[in-house]
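Here's a quick tour of one protein chain, written for someone who likes to poke at backbone torsions and empty space. Have a look at the structure first, then read on.

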Amino acid sequence: MKKMKQYSKIMTVIIALAIVLFACVDDDFDTPPIRQIPTGDVITIENIKTLFNEEAEFLNTGTEDAYLFDYDASIYGTVTMDNETDNSYRTFYIQDNTGAIAVYQDVSGGIYIGDSVRIYLRDLVVMQYSGLFQLNSKIGDGVNVDSNIVKMGFNVERNPEAATIDQILSNKEYYQGRLVKISDVQFVDTDTSKTFANPDDLETENRLLQDNLDNQIFVRTSGYANFAGANVPDGSGSIIAIVGQYNSDMQLYIRKLGEVEMDNARFDVGGGGGTGEGTGTFDDPYNVANAISNSTDTEVWVEGYLVGVYETVDASGNTLSDFTPSFTSPFYTSSNVIIADSDSETDISNCIVIQVPSGDIRTAVNMVDNPGNLGKIIKFKGDRLTYFGEDGLKNVNGYWLDGDGINPEDPVDVVVIGTSTVVSSLNEDFSGVTADQDFEGTGWLNANVQGERYWQGKEFDSNKYIQATAYNATADNIESWVVTPGVDLSTPKKLSFDTNTGYYKHAGLTVYVSTDFDGNNSNLFSATWTDITSSATIAEGPSDSYGTWVNSGDIDLSAYSGTIYVMFKYTGDNSSNTTTFQLDNVKVIDL
């Protein structure tokens, strides 16, 4: 009997131990651990912009400086614009109580207007894309929704902030990225016969919005937007939009067409005073008063006295918090000048502010380096647009001062640089180029077929190469050829080269070969050139920075005989097709 009792006790203990052991086993084998996105330091959008302004540095993610978050941090905000109407390519906007910022995504979608989100900032950067504050990945390929974004809520209402065009233009830093509503406005008369953009060719286009004082701001619409083909309204009323920025230009981005309500009658627009003279041609330019009255004309000549500049920096080169016109030398800003009908004018409302492009025009005109220009008569060719919230002339591509200058209407002489030679093989790394000078290589030819641009030598990070671009060109259209020395094909050869692009907007590089070109410069354009671009891999993108070098792959030239020349042709224009193409390591060697 005692043995039975002992046995019963032993079994009780064993059963109890088994229950405890099995109770400790996690048998949920199929459920993976849930990934938690850290929070870290909570900062505001205003904090992010301050970090950029105070600590940004070059991170080799393009040509722009950036601030890298190499620690755990997060921001909270409400999404005010998404990609749903295709008017914001891979970009959404968020806003908190301190400001707003654009967020560039790795892919479109997944984020919607009204989402309340937390963005995890580690390994992201804050940068400026042509003046617009933007969050991006540190390699520039966009923020990943799954890895960096936590949705905290949906359908969160954020009402647009009431604003005027003048307020936006006068306080760019405050309004950039914000959702606003502008009332008592209309599109300029010349835009009411147009659509918002070009949906057939998928081209992004600008339309001008104005108030009754003729303050103007761009409304920019993508050719991919689902309302790109809608007619621009011809009435007056209000618009709800996101405030964007491209360099010095402020822009509005429509979220959806229903937020453009302009059913009221059009209003009369006030203009500058004075007596208007001239027809806007080179021989009969507008005077300033007439240019002020003709507020939407494009490609017109305007003449006046150089009377000042719109200062954006101080004597030390520091950016001013408030940009202001100055009519007294010395001047510190070289990127603009002010002209008027009187050499003693000091009322900015009677003046035109001229945006002076970098290059030959700025070199000759700016009053920082040329203080003696003050008081001289000058004329410029450009588009009548608002600049610094004032009557302005932008997209300037011509000037005339002291009987000399640039008239883009004059044909540009085509000049071929270099003398051709024939070699047995080619292995060109451009190590001998001079940076920022038109390329002159032994046996190479370099021609400005259209416009004033040649292929130029460049250097970055101790690497030398050549480059062609239409960005900030004076001529409307650019075509630049660079031709290799002739290569003897007595043995079969192959071609290879490396390309890179910056701020990609178009496929502007094509590759040709010729076996009937004789190396004589005068026969360059009459030779037969065969397009072989489809046989090569050419770099494409990104659109907001510089990319990485891409090898073309080997291109078999064994089908050709005699002497072969390889030509790299760049084409572009100074408005939308402005991609920069870079070329390096051109080889024509034995198969």
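## Cis prolines

Let's begin in a loop: Pro330 is found between strand 19 (319-326) and strand 20 (336-340). Keep in mind that this is a predicted model. What is the peptide bond from Ser329 to Pro330, cis or trans? It's cis, with omega near 5°.

There's another cis bond further along, joining Gly541 and Pro542, where omega is about 0°. Pro542 also has a loop for its home, between strand 35 (530-531) and strand 36 (550-551). As background, most peptide bonds are trans, and most residues other than glycine have a negative phi.

## Positive phi

That brings us to phi. Leu202 isn't a glycine, yet its phi is positive, near 55°. You'll find Leu202 in the loop between strand 12 (179-187) and strand 13 (205-210), and its relative accessibility is 38%, so it counts as partly exposed.

Asn472 is another non-glycine with a positive phi, about 60°. The loop that holds Asn472 runs between strand 30 (463-468) and strand 31 (477-483). Asn472 counts as partly exposed because its relative accessibility is 34%.

## Two strand residues and their contacts

Is Ser238, in strand 15 (residues 236-246), buried or exposed? Its relative accessibility is 10%, so Ser238 counts as buried. Setting aside neighbours within four places in sequence, Ser238 is in contact with Lys181, Ile182, Ser183 and Val185, and also with Glu259, Val260, Glu261 and Met262.

Glu390 lies in strand 23 (residues 390-401). Not counting residues up to four places away in sequence, Glu390 touches Tyr310, Ile348, Val353 and Leu385. Its C-alpha atom is separated by 11 Å from that of Thr324, which is 66 residues apart from Glu390 along the chain.

## Empty space inside

How many cavities of 30 Å³ or more does a search of the whole structure find? Two. The largest has a volume of about 120 Å³. It is lined by 15 residues, and the closest to its centre are Leu169, Asp249, Met250, Thr386 and Lys394. Strand 14 (216-221), strand 16 (249-254) and strand 22 (377-387) are the elements giving two or more residues to that lining.

## A nonpolar patch outside

On the surface, Val42, Tyr76 and Met152 form a nonpolar patch, with about 280 Å² of accessible area together. Tyr76 belongs to strand 4 (residues 73-81). With 32% relative accessibility, Tyr76 counts as partly exposed.

Note on methods
Residues are numbered from 1 along each chain as its sequence is written. This is a predicted model: local features need pLDDT of at least 70, side-chain atom pairs count only at pLDDT 80 or more; totals for chains, interfaces and linings use all residues. Side-chain values use heavy atoms; hydrogens and water are left out. Patches are made of residues with over 30% relative accessible area and no salt bridge: like charges are joined within 9 Å, nonpolar side chains (Val, Leu, Ile, Met, Phe, Trp, Tyr) within 5 Å. Accessible areas come from the Shrake-Rupley method with a 1.4 Å probe; for residues, only the protein chains shown count as cover. A salt bridge is a side-chain nitrogen of Lys or Arg within 4 Å of a carboxyl oxygen of Asp or Glu. Helices (H or I, at least four residues) and strands (E, at least two) are DSSP runs, numbered from the N terminus. Buried means under 20% relative accessible area, exposed over 50%, partly exposed in between (1.4 Å probe, protein chains only). Contact means heavy atoms within 4.5 Å. On a 1 Å grid over the protein atoms alone, a cavity is a set of points where a 1.4 Å probe fits but cannot get out, and a pocket is an open set with protein on both sides within 12 Å along at least five of seven lines; lining residues have an atom within 4 Å of a point. Grid points are joined across faces, edges and corners, and a volume is the space filled by probe spheres set on the points.
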